[in-house]
Amino acid sequence: MAILSIRVYPDPVLRERAAEVTDFGVETQMFFENMIETMREADGVGLAAPQVGVSKRILVASPAGKKGTALVIVNPVLREGIGTEIAQEGCLSFPGLYADIVRFKKIRLEFQDRAGKPRETELRDFFARVVQHELDHLNAVLMIDRIEFNKRQEWAESFKKAPSRPG
Ligand code: NI
């Protein structure tokens with residue numbers, strides 16, 4: 001196994017839409033292991049393949065951190081999102097940056113497992129948040145793209161609370 005180097009913004013690979021995975025052979029299996037090892041080494045809870053310079057639709061997630069089981073998710077498709085929630089997120093490609101991001105609270109996800117077998121699952125709360133963050137990476141969407149939206153929403157909320165002015 002090997003630790004891969006994590007690409008930091010503005011590395012152009014982070015702005016490429018990742019390609020579908022069709023090969024689940026030995027090299028791909030080794031890549032899954034390397035991604036898991038790299039995520040753990042970096043103390044991350046999730047990692048997307050573009051973050052290690054590979055523009056393919058692969059993400060790994062370990063919401064419980066180093067102690068938990070790491071899940072490999074290939075070619076994920078978000079089928080449904082239910083409810084929203086704002087919470088603070090970080091990203092290994094933006095060291096030191098944390099921001100409040102809106103995500104679905106619960107998601108229904110279709111994906112392929114590490115053997116290429118089609119799966120469907122429902123995820124909620126922090127696990128759902130991690131997967132949505134990594135899924136963004138596969139679509140070349142980065143945390144900074146979502147910050148302005150959040151600020152807009154905050155302003156909209158405070159505007160709603162403000163007392164109405166006559167005229
Ligand atoms: Ni990230």
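In the predicted model, the second largest pocket encloses about 200 Å³ of space. Its lining is formed by 11 residues, and those nearest the centre of the pocket are Arg103, Phe104, Gln132, Asp136 and Arg146. Four elements each supply at least two residues of this lining, namely strand S3, strand S4 (98-112), helix H2 and helix H3 (143-161). Sorted by class, the lining of the second largest pocket comprises 5 nonpolar, 3 polar and 3 charged residues.

The largest pocket has a volume of about 330 Å³. A total of 20 residues line this pocket, and Val45, Glu89, Gly90, Cys91 and Leu92 are the ones that lie nearest its centre. Strand S3 (71-90) and helix H2 (125-138) each provide at least two of the lining residues. The most is given by H2, which contributes 5 residues to the lining of the largest pocket. In terms of class, 9 residues of this lining are nonpolar, 7 are polar and 4 are charged. As a general principle, empty space is revealed by rolling a probe the size of a water molecule over the atoms.

Helix H2 also contains His133. The relative accessibility of His133 is 7%, and His133 is therefore classed as buried, since the cut-off for a buried residue is under 20%. The side chain of His133 is joined to that of His137 by a polar contact of 3.3 Å. When neighbours within four places in sequence are left aside, the residues in contact with His133 are Glu89, Gly90, Cys91, Arg103 and Met143. Among these partners of His133, Glu89, Gly90 and Cys91 belong to the residues that lie nearest the centre of the largest pocket, whereas Arg103 is one of those nearest the centre of the second largest pocket.

These local features are set within a chain of 3 helices and 5 strands. Along the sequence, the elements follow the order α-β-β-β-β-β-α-α. The chain has 167 residues, of which 40% are buried. Of the contacts in the chain with a separation of 6 or more, 64% are made by residues 24 or more positions apart. The accessible surface of the chain amounts to about 9500 Å², and carbon and sulfur atoms account for 53% of this area.

Definitions and conventions
Residues are numbered from 1 along each chain as its sequence is written. This is a predicted model: local features need pLDDT of at least 70, side-chain atom pairs count only at pLDDT 80 or more; totals for chains, interfaces and linings use all residues. Side-chain values use heavy atoms; hydrogens and water are left out. Buried means under 20% relative accessible area, exposed over 50%, partly exposed in between (1.4 Å probe, protein chains only). Contact means heavy atoms within 4.5 Å. Accessible areas come from the Shrake-Rupley method with a 1.4 Å probe; for residues, only the protein chains shown count as cover. On a 1 Å grid over the protein atoms alone, a cavity is a set of points where a 1.4 Å probe fits but cannot get out, and a pocket is an open set with protein on both sides within 12 Å along at least five of seven lines; lining residues have an atom within 4 Å of a point. Grid points are joined across faces, edges and corners, and a volume is the space filled by probe spheres set on the points. Ala, Val, Leu, Ile, Met, Phe, Trp, Tyr, Cys and Pro count as nonpolar, Asp, Glu, Lys and Arg as charged, and the others, Gly among them, as polar. A polar contact is a pair of N or O atoms within 3.5 Å; within protein, one must be able to donate a hydrogen and the other to accept it, and residues adjacent in sequence count only if both atoms are side-chain atoms.
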